[in-house]
Amino acid sequence: MKTDASGDWRPTATLEVLKLRARLLERVRALFSERGVLEVETPVLSTAAVTDPMLASLATRYTGPRFPRGQAFYLHTSPESPMKRLLAAGSGSIYQICKVFRDGEAGRWHNPEFTMVEWYRTGFDHHRLMDETGDLVTQLLAPIISLDNPERLSYREAFQRHAGLDPHTASPGDFAAVARTHEIGVRPTLLAQNDLDVWRDLLLTHLVEPMLGQGRLTFLYDYPVSQASLARLQPGDPPLAARFELYLNGIELANGFHELADADEQRTRFERQLQTRAAGGLPVVPLDKRLLAALAHGLPDCAGVALGFDRLVMLAAGARTMADVLAFPVERA
């Protein structure tokens, strides 16, 4: 990408791609309108920040009235919290198309500012939402990409098929042996760890994800409880998280949950994440007390999903990098 003074004012996406992007946005809104899902807008700024240790919020300072001078605000990594507050207030099924922000994420498939389509369906569980997500994505891409019938693989099935082990029962030594067999470079610090989620993520990114969604949509579902995030837990042996991700051509497009509605459990998870952040030397950020209050008031039974719109446009356009589908990526912002 050129960054010289004479050329870096220009957009990195072609006019043809920007028109494709506009058509896809129009289609997203039309599809939700057809289904009676209400479009909403919520604040980009929040006094709370994401507690997930795998994500980092961008922060800014406000110096005007009504707040202490230099009040910290955080650019949201997802509109999830305020949208759940709307759900608790009786909004019914809702969706939003918005810019979200994540620190430390830039590259072929990432930009610190990107577009997310997020929606929540009351009365849905994660299986029913997988049906709708597959239907919507297929309708959006059908004029451009021919897709076979969507595939569903449990987290366990995907690891057994593509990594040759059971991710719920394997030991760190089992994961290390598979990594050696496939000549995956492993840092000495990782070899000394017993954190199964670190090992799971290593094999997921190197062996499992590249094989998912080849020529058709693939849903990966029923994650380990330790990766539940904001999802409900399902009883069983082992118990599993009511969570799914959607892949196409090895690329993650969406992340969804049968949403957790228990305020006490959500607080426990937030506090556990803050402890993990502190132990890892990450900033300890303020947790979202308003979301907890909304959950305590009562969140309707619902499922929600976040779709990376820029990645969808990349696949539709056959683009190599996210910069190819953005008017101005961070390098030209």
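Tyrosine 120 stands opposite glycine 304 in strand β12. This pairing is a good place to enter the model, which is predicted. Tyrosine 120 lies in strand β6, residues 113-122. Strands β6 and β12 run antiparallel to each other and are joined over seven bridges.

Glycine 304 has another partner. Phenylalanine 257 is its bridge partner as well. That residue belongs to strand β11, residues 251-258. Strands β11 and β12 also pair in the antiparallel sense, over five bridges. Strands of a sheet pair through backbone hydrogen bonds, either parallel or antiparallel. Glycine 304 therefore faces tyrosine 120 and phenylalanine 257, and β12 pairs with both β6 and β11.

Now look at β12 itself. The strand covers residues 302-308. Is it buried or exposed? Seven of its seven residues are buried, so the rest of the structure largely encloses it. Buried here means under 20% relative accessible area. In a regular strand the side chains alternate between the two faces of the sheet. In β12, both faces are covered. One side holds Cys302, Gly304, Ala306 and Gly308, all buried. The other side holds Ala303, Val305 and Leu307, and these are buried too.

Elsewhere there is an open sheet of three strands. Its order is β2-β4-β3, with antiparallel pairing. The edge strands are β2 (45-46) and β3 (58-62), each pairing on one side only. Strand β4 covers residues 71-75. Five bridges join β4 to β3. Within that pair, alanine 59 stands opposite tyrosine 74.

Step back to the whole chain. How many helices and strands does it have? There are 10 helices and 12 strands. The C-alpha atoms fill a box of roughly 50 × 45 × 45 Å along the principal axes. Why can the chain be compared to a compact globule? For 333 residues, such a globule would have a radius of gyration near 20 Å, and the chain has 20 Å, so the two agree.

Burial and contacts add to the picture. Of the 333 residues, 50% count as buried. Among contacts with a separation of 6 or more, 69% link residues 24 or more positions apart.

Last comes the surface and the charge. The accessible surface is about 16,200 Å². Carbon and sulfur atoms account for 51% of that area. The chain carries 36 positive and 41 negative charges. Their mean positions lie 5 Å apart.

Conventions:
Residues are numbered from 1 along each chain as its sequence is written. This is a predicted model: local features need pLDDT of at least 70, side-chain atom pairs count only at pLDDT 80 or more; totals for chains, interfaces and linings use all residues. Side-chain values use heavy atoms; hydrogens and water are left out. Buried means under 20% relative accessible area, exposed over 50%, partly exposed in between (1.4 Å probe, protein chains only). Helices (H or I, at least four residues) and strands (E, at least two) are DSSP runs, numbered from the N terminus. Two strands pair if DSSP finds at least two bridges between them. The radius of gyration is taken over C-alpha atoms; the globule rule is 2.2 Å times the number of residues to the power 0.38. Contact means heavy atoms within 4.5 Å. Accessible areas come from the Shrake-Rupley method with a 1.4 Å probe; for residues, only the protein chains shown count as cover. Lys and Arg count as positive and Asp and Glu as negative; His and the chain ends are not counted. The place of a charge is taken as NZ of Lys, CZ of Arg, CG of Asp or CD of Glu.
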